[in-house]
Amino acid sequence: MAAELNVTYITLEGHVKVQKYRYLYFMIMLFAYILIICCNATIVCLIVIHLNLHEPMYIFIAALLLNSVLLSTVIYPKLLIDFLSEKQIISYSACLFQCFLYYSLSSSEFLLLSVMAYDRYVSICKPMEYPTIMRRTTVGILLVVAWILPACHTAVAVVWNSYNRLCTFALKGIFCNNSVNHLYCVTSRALSIYGIFVLVNSVFFPMFFILFTYTKILIISFRSGEVRKKAAQTCMPHLLVLINYSCLVTYNVIIVRLESDFPKVARFVMTMQIIIYNPIFNPIIYGLKMKEISKHLKRLLSQVKVN
């Protein structure tokens, strides 16, 4: 009982008319979560099952889709529980843990997209060296770095925050993100500088690298019709996913920064878009636009229809 009384709870005040529409919200988000798992798992399973998809490009796609499912799982189960609860609350320690997972996996998405851009760059601009550069060991190292590096960056910030004193216990959101910083009495200047350092390392550097590699690919593509066709087939899905994710990240930054100036309903709608669009958009794009994946997917759907 003593341990229970010592738990600090944060109220999630970002919900809009949850008492009135709780079952509608619950059904919509449950359907979205099931759809996310099914769509992403289908593409990942196709990549695992079919040997001709055991190439670096498809392995990175599978990693990106798996990351989307993990990111959704950080948010959706708690959100579904909140919709059916009388009070939308979360313990402070659980809030920090959710914040850690959310930003760690979000940063991993950018790093995975930059790894995929590098893979396409080597494949198109240095085709003779591709088998030597993109070996299984290299692929494994790139995947480990894409997940471990953001986790280490985020862990430092979260542990640092855990020592700050809380002045308010109401969060203007439906899950824990950078809005947590508004709960503290004093915001550490050193932590703010560290946050900028992490943002540059996790977002801006990968973005610049991706833009650089695709610019190089574009230049090479203009010189050869065959290369142009290959680039269009394999790079376009990655670019669409990158643009979509970048827009959603920008949305998220706007929501957090304009906390006091942003209408509650608009914040709620935009947050729902952020957590729904990206994990559903990715498997649809790769399923439709990647030729080999699309071929196996059509075969699978035809078999389901026959049965």
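Modeller: In this predicted model, Q98 is found in helix 4, which covers residues 92-125.

Biologist: Why is Q98 called buried?

Modeller: The relative accessible area of Q98 is 6%. Buried means under 20%, so Q98 with its 6% is classed as buried.

Biologist: What makes the approach of the Q98 side chain to V74 a polar contact?

Modeller: The side chain of Q98 reaches the backbone oxygen of V74 at 3.1 Å. The cut-off for a pair of N or O atoms is within 3.5 Å, one able to donate a hydrogen and the other to accept it, so the 3.1 Å pair lies inside that limit.

Biologist: Which residues does Q98 touch, not counting those up to four places away in sequence?

Modeller: Q98 touches V74, I75, K78, I90, F175 and C176.

Biologist: C176 is one of those residues. How do you know that C95 and C176 form a disulfide?

Modeller: Their sulfur atoms are 1.9 Å apart. The rule asks for cysteine sulfur atoms within 2.5 Å, so C95 and C176 qualify as a disulfide. C95 lies in helix 4 and C176 in the loop between strand 3 (170-171) and helix 7 (189-221), so the disulfide ties together parts that are 81 residues apart in sequence. The link is left-handed, with -115° about the S-S bond, and both cysteines are buried.

Biologist: What makes C167 and C185 a disulfide as well?

Modeller: The S to S distance of C167 and C185 is 1.8 Å, and the limit is within 2.5 Å, so this pair also meets the rule. C167 is in the loop between helix 6 (136-161) and strand 3, and C185 is in the loop between strand 3 and helix 7, 18 residues apart. This link is right-handed, with 105° about the S-S bond.

Biologist: Why is C185 called partly exposed?

Modeller: C185 has 28% relative accessibility. Partly exposed lies between the buried limit of under 20% and the exposed limit of over 50%, so C185 at 28% takes the middle class.

Biologist: How many disulfides does the rule give, and what is the pairing in sequence order?

Modeller: The count comes to two disulfides, and the bonded cysteines pair as 1-3, 2-4.

Biologist: Why is C38 in no disulfide?

Modeller: The nearest cysteine sulfur to that of C38 belongs to C39 and is 6.9 Å away. A disulfide needs sulfur atoms within 2.5 Å, so C38 has no partner under this rule.

Note on methods: Residues are numbered from 1 along each chain as its sequence is written. This is a predicted model: local features need pLDDT of at least 70, side-chain atom pairs count only at pLDDT 80 or more; totals for chains, interfaces and linings use all residues. Side-chain values use heavy atoms; hydrogens and water are left out. Helices (H or I, at least four residues) and strands (E, at least two) are DSSP runs, numbered from the N terminus. Buried means under 20% relative accessible area, exposed over 50%, partly exposed in between (1.4 Å probe, protein chains only). Contact means heavy atoms within 4.5 Å.
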